[in-house]
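Here is a walk through one protein chain, from overall fold to individual side-chain pairs. Keep the 3D view open while reading.

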Amino acid sequence: DLFIKKTDSRSYLHFKSSHPNHIYSGIVYSQCLRLRRIINCQERLKEHLNNLKKAFLAACYPRKMVENISNKVLNSTRSLLRKVQTPDDQTSLHLPIRVISTYGSDDDLVSVTKKYEEHLSRTRSFSESDTAETSQETSSTSATPRTRP
């Protein structure tokens, strides 16, 4: 069965607090989905979802919203894997390369970039003939280290 700590107070963000509406429905959905992933028995899932619904109703969540979301999750398939979005293969070939480093700690990166600058300039990510956005990124990732403003 699902382990619940003795110190778990089942207190959730109160519905009348000052937050956008999507926050409340997101909390209900994520908690229901968490139970869906953990519990593989449909009857035990119903029992735990009912307890969760009571906790949300105690925090003044609208009954209809809690019911709709919990039913949606109850009727969904159990999946243990997270969905990962992968970019279209054609699109991913043309995405710029972004490098983020701490100021002053990128000497090795700068020296390697300078060493291969001629070869890099032939790639789409570093070429001047690319779109304005990529060209701006190219100038900001040039081999010359930038100084602090």
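**From a buried lysine outward**

K53 counts as buried, with a relative accessibility of 13%. The cut-off for that label is under 20%. The model is predicted, and K53 is a useful place to enter it.

What does K53 pair with in a salt bridge? The partner is E67, and the closest N and O atoms are 3.4 Å apart. K53 sits in helix α2 and E67 in helix α3, so this salt bridge ties together parts that are 14 residues apart in sequence. E67 itself is partly exposed, at 26% relative accessibility. The K53 side of the pair is thus buried, whereas the E67 side is partly exposed.

Now step back to the whole chain. There are 7 helices and 0 strands. Read from the N terminus, the order of elements is α-α-α-α-α-α-α. The chain has 149 residues, and 23% of them count as buried. Its accessible surface is about 11,600 Å². Carbon and sulfur atoms hold 53% of that surface. Contacts are also informative. Among those with a separation of 6 or more, 63% join residues 24 or more positions apart.

The salt bridges come next. Side chains of opposite charge can pair when their charged atoms come close. The structure holds 3 such bridges, and K53 with E67 is one of them. Another joins E43 and K46, with the closest N and O atoms 3.7 Å apart. Both residues lie in helix α2. They are 3 residues apart, about one turn of the helix. Is E43 buried or exposed? E43 is exposed, with a relative accessible area of 53%. K46 counts as partly exposed, at 34%.

R10 and D8 also meet in a salt bridge, at 3.4 Å from N to O. R10 belongs to the segment before α1. Both partners are partly exposed: R10 has 23% relative accessibility, and D8 has 38%.

R10 deserves a second look for its backbone. Most residues other than glycine have a negative phi. R10 is not a glycine, yet its phi is positive, near 55°. C60 is another such case, with a positive phi of about 65°. C60 is found in the loop between α2 and α3. Its relative accessible area is 34%, so C60 is partly exposed.

That loop also holds Y61, which leads to the aromatic rings. How many aromatic pairs does a search of the whole structure find? The search finds 5. In one of them, the rings of Y24 and Y61 have their centres 5.8 Å apart. Their planes stand at 80°, so the pair is edge-to-face. The assignment follows because planes over 60 degrees apart count as edge-to-face. Y24 lies in helix α1, which spans residues 21–38. Y61 is in the loop between α2 (42–58) and α3 (63–74). The two are 37 residues apart, and their pair links distant parts of the chain. Both Y24 and Y61 are buried.

The two tyrosines are not alone. Ring pairs connect Y12, F15, Y24, F56 and Y61 into a cluster.

To retrace the route in the viewer, begin at K53 in helix α2 and cross to E67 in helix α3. Then go to C60 in the loop between α2 and α3. Finish at Y61, in that loop, and its ring partner Y24 in helix α1.

Technical notes
Residues are numbered from 1 along each chain as its sequence is written. This is a predicted model: local features need pLDDT of at least 70, side-chain atom pairs count only at pLDDT 80 or more; totals for chains, interfaces and linings use all residues. Side-chain values use heavy atoms; hydrogens and water are left out. Helices (H or I, at least four residues) and strands (E, at least two) are DSSP runs, numbered from the N terminus. Buried means under 20% relative accessible area, exposed over 50%, partly exposed in between (1.4 Å probe, protein chains only). Contact means heavy atoms within 4.5 Å. Accessible areas come from the Shrake-Rupley method with a 1.4 Å probe; for residues, only the protein chains shown count as cover. Rings of Phe, Tyr and Trp (its six-membered ring) pair if their centres lie within 6.5 Å; planes under 30 degrees apart count as stacked, over 60 as edge-to-face and the rest as tilted. A salt bridge is a side-chain nitrogen of Lys or Arg within 4 Å of a carboxyl oxygen of Asp or Glu.
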